[in-house]
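Here are some notes to read with the model open beside you. I have put them as numbered points, so you can take them one at a time.

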Amino acid sequence: MATTIAPVQIHRSVQEFLSRPRKLLIGGQWVDAKSGKTFATYNPATGEVLAQVAEGDRAEIDKAVAAARKAFESGPWPDMSPAERGRLLWKLSDLIEQHHEELAELETLDNGKPLLFSRIVDVPTAVDVFRYMAGWATKIEGTTIPISAPHAKYFAYTLREPVGVVGQIIPWNFPLIMAAWKLAPALAVGCTCVLKPAEQTPLTALRLGELIQEAGFPDGVVNIVAGFGETAGAALASHPDVDKIAFTGSTEVGRLIANAATGNLKKVSLELGGKSPNVVFADADLNAAIPGSASAIFFNQGQICTAGSRLFVHKSIFDKVVDGVAEESKKFQVGPGMNESTNLGPLVSKAQLARVCGYLDSGAKEGAKTIVGGHRIGNTGYFVEPTILVGVKPHMKVVREEIFGPVVTAIPFNDPDEVVAFANDTIYGLASAVWTRDISKAHRMAAKLRTGTVWINCYNVFDPALPFGGYKQSGWGREMGHAALELYTESKSVCAQL
C-alpha cells in the first residue's frame with residue numbers, strides 16, 4: 001500500500017460553512033443550545049478541529065419534539081397532498097445533486113472516507129433515496145376487505161396513516177446516506193422528524209437541514225439536533241411524545257434504545273451490527289471473488305455494518321485466495337480522504353482507532369497469525385493497515401465480535417454443511433455472500449444462511465428498492481423499498497354497516 005498525495009482544493013462554500021459555529025434546526029429556526037455548549041468535530045486525517053457545533057441536550061430535544069408535534073397536527077404539513085409531499089422530496093433531491101461537490105467534501109472532511117467514494121457513492125445514493133421515496137408518497141394505499149360478520153352487511157377497509165413524530169438516530173459511517181434512509185420514507189408518508197446525527201459526523205446533516213429549508217418543507221417538519229448519544233440520543237429515545245424511534249448503530253446501543261423506548265411503548269426499528277460471512281467455494285471465479293472479497297472488508301475502511309469480516313474459503317483454494325486478497329490489500333492507496341488518489345482513508349476517530357488496534361492486539365495475544373497489515377500507520381490521523389488474520393479459532397474475539405475496521409479473519413472449510421454451521425454461528429445476521437459458478441448451490445446456500453441479505457457473486461450491492469435489515473441481533477425491521485413505509489405507518493381498520 002502507499003500513502004497518497006495531491007490534495008484537492010477545498011470548495012469555497014465548504015470553507016465558509018466550516019468557518020461559522022453550526023447551530024441546531026428546531027421549528028424552522030437555527031438556534032444555539034440553551035446551555036451555550038458546543039463541541040468540536042474533527043478531521044480524522046489530521047486530528048484537527050474542523051468546526052464547532054452547538055451541543056443539544058434534553059432541553060433541545062424537548063423543543064424539537066414539541067415543534068415536530070405541532071407540525072404534525074397543525075399547519076400546512078397534515079393538509080398537504082401526497083403529490084405535494086412527493087414534489088418536496090424531489091426538489092430536495094435536486095438540491096442535493098446541485099450541491100454534490102460541496103456535500104462530498106464535507107462528508108470526506110468530517111468522516112475521513114475517500115473523496116472518490118463520497119462523490120460516486122454517498123451523495124448520489126442520497127439523491128436516489130429521496131427520489132425513490134418521493135415516488136411512494138402518492139402510493140400509500142389501504143385495502144377493501146370482504147368480511148363475514150353476521151346480521152348485516154358491512155363495508156370494511158384499511159387505511160395507512162403516518163405514525164406521527166419520529167425520532168431518528170444515525171451513525172457516523174455513512175452520515176448523509178443514513179440521513180436519507182431515515183428521513184425520506186418518514187417524510188413520504190407524512191411523519192415529522194427529529195434527527196440526531198452522530199456526534200463524530202454532524203456536518204452533512206446540518207447542511208442537509210439548510211437544503212430542507214430551501215426546498216420549502218414547513219417549519220418543524222424536520223428538526224436536527226446535534227449532540228451526544230448519552231444525552232440528546234437518550235432523551236430522544238425515551239421521550240414520551242415520540243411515537244417511533246429509528247436507530248442505526250451498534251447492537252450494544254440498540255439494546256439501550258429498545259429499553260429506553262419502553263416508557264411509552266413507542267415503535268422501534270433498529271439496524272445494528274454485523275459479522276458477515278463471505279463464502280468462497282472451490283468453483284468460484286477467483287478473478288471476481290478475490291477483489292470482491294477484498295472490497296467486502298476494506299471498503300469504507302471496514303466501517304460498514306455489512307463488512308465481509310469473516311472470509312470462509314474452501315481448503316483447496318484457501319492459500320490462493322488469501323494470498324490474492326493480501327495482494328489486493330497492497331494496492332490500496334492509503335491517505336487523507338481529500339487526496340484525489342486515496343481509496344482507503346482513516347478511521348473516523350481516535351476512539352475508533354483505539355478500538356480497532358485493541359482487536360489487533362487481542363488477535364495477536366490469542367494466537368492469530370497476521371498475513372498482511374496489523375498496525376497503525378504513522379502518528380498523525382487515524383490510519384490502520386488493511387489486515388488479514390489466519391489461524392483463528394471460533395472463540396477468539398476477532399472472530400466473534402464486530403471490529404468495524406479493515407480487519408478480516410480467513411477461515412478454511414471442507415463442505416457446504418460445515419460452512420453453513422460456521423457462518424450462522426454468530427449473534428448477528430445482517431448480510432452474507434456466496435461465490436460459486438454453481439447457481440443451484442448458490443441458491444441453496446442463500447436459503448440456509450440466516451441473514452437479511454445474501455449476495456451471490458457480488459458484495460455490498462444496495463438499491464433504494466431493495467429492503468435492508470437483519471436477523472437475530474442485527475436488528476428489527478427493514479429499511480428501503482416498500483418495506484420501509486411499514487416502519488413509519490399505522491394500519492387502521494374501518495368498518496361501516498350498510
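**Notes on the helices and loops**

1. Let me start with helix α5, residues 100-111: its 12 residues should span 16 Å at 1.5 Å a residue, and the end C-alpha atoms are indeed 16 Å apart, which agrees. The expected span is 1.5 Å times one less than the number of residues. Helices here are DSSP runs of H or I with at least four residues, strands are runs of E with at least two, and both are numbered from the N terminus.

2. A word on the source: this is a predicted model, in which local features need pLDDT of at least 70 and side-chain atom pairs count only at pLDDT 80 or more, while totals for chains, interfaces and linings use all residues. Residues are numbered from 1 along each chain as its sequence is written, and side-chain values use heavy atoms, with hydrogens and water left out.

3. Back to α5, which is largely enclosed by the rest of the structure, because 10 of its 12 residues are buried. Buried means under 20% relative accessible area, exposed means over 50%, and partly exposed lies in between, with a 1.4 Å probe and protein chains only. The buried residues of α5 are Glu102, Leu103, Ala104, Glu105, Leu106, Glu107, Thr108, Leu109, Asp110 and Asn111. Just after the helix, Gly112 has a positive phi of about 100 degrees.

4. Next, how α5 meets α6. Their axes are 9 Å apart and the packing angle is about 115 degrees; axes are lines fitted to C-alpha atoms, for helices over the stretch in contact, and angles run from 0 to 180 degrees between N-to-C directions. The crossing is right-handed, meaning that the near helix is turned clockwise from the far one by less than a right angle, whereas anticlockwise would be left-handed. From α5, His100, Glu101, Leu103, Ala104, Glu105, Glu107 and Thr108 meet Leu115, Ser118, Arg119, Asp122, Val123 and Pro124 of α6. The residues of this contact divide into 5 nonpolar, 3 polar and 5 charged. Ala, Val, Leu, Ile, Met, Phe, Trp, Tyr, Cys and Pro count as nonpolar, Asp, Glu, Lys and Arg as charged, and the others, Gly among them, as polar.

5. Helix α6 (residues 115-136) also packs with α4 (residues 82-98), at an angle of about 165 degrees and with the axes 8 Å apart. The two are therefore roughly antiparallel; that term applies over 145 degrees, with roughly parallel under 35, roughly perpendicular from 65 to 115 and oblique for the rest. The α4 and α6 crossing is left-handed. On the α4 side the contact involves Gly86, Leu89, Trp90, Leu92, Ser93, Asp94, Ile96 and Glu97, and on the α6 side Val123, Val127, Phe130, Arg131, Met133 and Ala134. Those residues divide into 9 nonpolar, 2 polar and 3 charged.

6. Please also look at the loop between β8 (192-196) and α8 (203-215), where Glu199 is placed. Glu199 counts as buried at 18% relative accessibility. Beyond its neighbours within four places in sequence, Glu199 is in contact (heavy atoms within 4.5 Å) with Phe39, Gly227, Phe228 and Gly229. Glu199 and Gly227 are 28 residues apart in sequence, with 5.7 Å between their C-alpha atoms.

7. Gln200 belongs to the loop between β8 and α8, and is partly exposed with a relative accessible area of 26%. Not counting residues up to four places away in sequence, Gln200 touches Thr41, Asp110, Trp172 and Val348. Thr201, also in the loop between β8 and α8, counts as buried at 2% relative accessibility. With that exclusion of sequence neighbours, Thr201 touches Asp110, Asn111, Pro171, Trp172, Pro175 and Val348.

8. After that loop, α8 has 13 residues and reaches 19 Å from its first C-alpha to its last, close to the 18 Å expected. With 10 of its 13 residues buried, α8 is largely enclosed by the rest of the structure; among them are Leu203, Arg207 and Ile212. Gly216 follows α8 and has a positive phi near 105 degrees.

9. Finally, which residue between α11 (286-298) and β13 (310-314) deserves a look? Gln301 is in that loop and has a positive phi of about 60 degrees although it is not a glycine. Gln301 counts as buried at 1% relative accessibility.
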